Amino acid sequence: MSDRHILTAVAWPYANGPRHIGHVSGFGVPSDVFSRYQRMAGNRVLMVSGTDEHGTPITVAADAEGVSPREIADRNNRLIVDDLQALGLSYDLFTRTTTVNHAQVSQEIFLGLLKNGYVFPQTTLGAISPSTGRTLPDRYIEGTCPICGYDGARGDQCDNCGNQLDPTDLINPVSRINGETPRFVESEHYFLDLPAFTRSLGDWLDSRRGWRPNVLNFAKNLLTDLKPRSYTRDIDWGVPIPLDGWRDRPDKRIYVWFDAVVGYLSASIEWARRSGDDDAWRQWWQAPDADAYYFMGKDNIVFHAEIWPAQLQGYNGEGDKGGSPGSLGRLALPTEVVSSEFLTMEGRKFSSSRQVVIYVRDFLARYDPDALRYFVAVAGPETQDTDFTWAEFLRRNNDELVAGWGNLVNRTVSMAAKNVGAVPTPGELTDADRALLASTSSAFGPVGDLLARNRQKAAATEAMRVVGEANKYLSDQAPWKLKEDPARRDTVLHTALQAVSDCNALLTPFLPHSAQKVHELLGGTGVWSPAPRVEEVTDLDDGSPYPVITGDYGDAQAVWASRPLPSGTPLSPPTPVFRKLDESIVADELARLEGGGK
Ligand SMILES: [Zn+2]
């Protein structure tokens, strides 16, 4: 047991609608598997995130519905909170970016950067609507991408090639509101001096070990052409700029992406404030033994391997211009940026607007959370784009979870319950018994090592290989044929139950809901793998209400080790751990997809 401090920083889902299973495959399930493993291994995990609620898409949605951006954010925040909790994602705090605390911390980072000279004002061209004279936010402007030629690119980003844009880059820009051609006038903004971090970010990336090669290469590539990036935007929805002459302006806010990544820090600080020790967050951001792992899909690498580290280095005074840390003190950079690739759906890109989608909520209405978690862990987009197909989901569920793991649990517990009514007392072990127990207990080393390095697919595969060994042992020893030799039958059942107990611990990070059930089927009581809960709280500074995800994970019984199963523990006949799915779900789901996701 090591007792390190580990920050699990999970990408912030954008609050413009419910999340689909592609989203949670990228950031949700991998971050939770990692955190659950680290807690079982005795480390002190702080897992934080929240909904990202600023930026133009939310104002566009609000205008379309005739409501305030806050109403859109409130509604989607609650939807997302419920979905992520139902999936069993064990956040210590899942909050939101519209809290007063988040605005204060975002402003503190801005001021620290300003003090050290890493943000500077510059006049650029900003768009206004000729008919109203009002500022036209970047994302309200549409045109042809100058990089890839896509004709639906927006003023802040091209959704086709993923490049970040300025509205003035667009070819033939038009207003998305009324189709008129915007007029560009001089507008003052603050810029982050990214070129001043070329050397320090390079040194930091060179010192990284164990990153997925595609992520590290992508991040290093970004450094070849760093340009100053606008830290502020012409928009009225976001964190105000904390300077005289700016803070009260309704048309200038911090750029949504630059405040969203500060969320990892502000959520840690909010968690500490709620825990009763305002400085508790420092253990994860400033202690020498602390590590920080950031989880996301690959479209967010630029913000986690370039922008946020540059903000941190600038705040710390570690770029080319030097400087000293701001009032919070020096803040730790990411240990690793753990990025997944993309999940596609039946060969197509997920798209909410084209209805190539299955939302987490709809999925969980028909299937169990562990079935999705297992698919993502064992067959998800860990290091390459991966296709979700219903046929493969059905096969993984029925062949591996139900017929493999669930059947092992069921056969073993039901035979012991029927013949003994308890965990039997073993006699002398044979070589076969010892070989199985050696195999299950020694799996904690390699599976744990894979999980610590976020090789989750290999870890899940190895754990399931051990399940296969236990199933083979049971078939070979055939305790059901040992009616005449109850002593040997009891030894076999005890050995198999011990193997089930070990396998259950190995699978707990992936399958927390069923792991709790198996714990109880083995006669255990109390919490084995804790579930997160939704809690209604109020803003610590202005009292407005919102839901958070949190939980008590510290006193769970699950540990990353083989623990002897006590003989004599009473056992009852088991109920199935997993649901076998009917083959007809494949056709049903494909019809739903064709019918627009309904
Ligand atoms: Zn493009």
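Colleague: How many bridges join β2 to strand β3, and do the two run parallel or antiparallel?

Modeller: This is a predicted model, and in it four bridges join β2 to strand β3, residues 93–96, with the two strands running parallel. As one pairing to look up in the structure, Gly 50 has Thr 95 in β3 as its bridge partner.

Colleague: Which strand pairs with β2 over five bridges, and in which sense?

Modeller: That is strand β1, residues 5–10, which runs parallel to β2 and is joined to it by five bridges; within this pairing, Ala 9 stands opposite Val 48 in β2. Between these two strands the chain passes through helix α1, residues 21–40, and the resulting β-α-β crossover is right-handed.

Colleague: Is strand β2 largely enclosed or largely open to the outside?

Modeller: Burial is read residue by residue, a residue counting as buried when its relative accessible area is under 20%. Seven of the eight residues of β2, which spans residues 44–51, are buried, so the strand is largely enclosed by the rest of the structure.

Colleague: In what order do the strands of the open sheet with β14 stand?

Modeller: The order is β15-β14-β16, three strands with mixed pairing. β15 (348–349) and β16 (386–388) stand at the edges with a single partner strand each, so one side of each is left without a neighbour in the sheet. Strand β14, residues 343–345, pairs with β15 in the antiparallel sense over two bridges, and Thr 344 is found opposite Lys 349 in β15.

Colleague: Turning to the metal site, which residues coordinate the zinc ion?

Modeller: The zinc ion is coordinated at 2.3 Å by the SG atoms of Cys 145, Cys 148, Cys 158 and Cys 161, and in sequence these donor residues follow the spacing C-x2-C-x9-C-x2-C. Cys 148 lies in the loop between β5 (141–144) and β6 (153–154), whereas Cys 158, 10 residues apart from it, lies in the loop between β6 and β7 (171–175), and the pair thereby links distant parts of the chain.

Colleague: Why is the arrangement around the zinc ion called tetrahedral?

Modeller: Four donors are given that label if all angles lie between 85 and 135 degrees. Here the four donor atoms subtend angles of 105 to 115 degrees, which makes the arrangement tetrahedral.

Colleague: Is Cys 158 buried or exposed?

Modeller: Cys 158 is buried, with a relative accessible area of 0%, whereas Cys 148, at 33% relative accessibility, counts as partly exposed.

Colleague: How many residues of helix α18 are buried, and what do they pack against?

Modeller: Helix α18, residues 512–521, is mostly covered, with seven of its 10 residues buried; among them are Pro 512, Val 518 and Leu 521. These buried residues pack against α1, α12 (369–379), α13 (390–419) and α17 (486–507). Just after the helix, Gly 523 takes a positive phi of about 90 degrees.

Colleague: What does UniProt list for residues 423–546?

Modeller: An unreviewed UniProt entry lists this span as "domain: Methionyl-tRNA synthetase anticodon-binding". In the model, residues 423–546 are 60% helix and 6% strand, and their end C-alpha atoms lie 46 Å apart.

Colleague: Which residue takes a positive phi in the hairpin of β17 and β18?

Modeller: Gly 543 does, with a phi near 80 degrees, in a hairpin that has six residues between the strands. The strands themselves, β17 (residues 533–538) and β18 (residues 545–550), run antiparallel and are joined by six bridges, with Tyr 546 in β18 as the bridge partner of Val 537.

Conventions
Residues numbered from 1 in each chain as written. Predicted model: local features only at pLDDT ≥ 70, side-chain atom pairs only at ≥ 80, totals over all residues. Heavy atoms only, no water. Pairing = 2+ DSSP bridges. Buried < 20%, exposed > 50% of the residue type's maximum accessible area, 1.4 Å probe, protein only. Right-handed = clockwise from strand over helix to strand, strands pointing away. Donors = N, O, S within 2.8 Å, 3.2 Å for Na, K, Ca; no water. Tetrahedral: all angles 85-135°; square planar, octahedral: opposite > 155°, others 65-115°. Contact = heavy atoms within 4.5 Å. UniProt positions renumbered as here; feature names shortened; annotations may be inferred.
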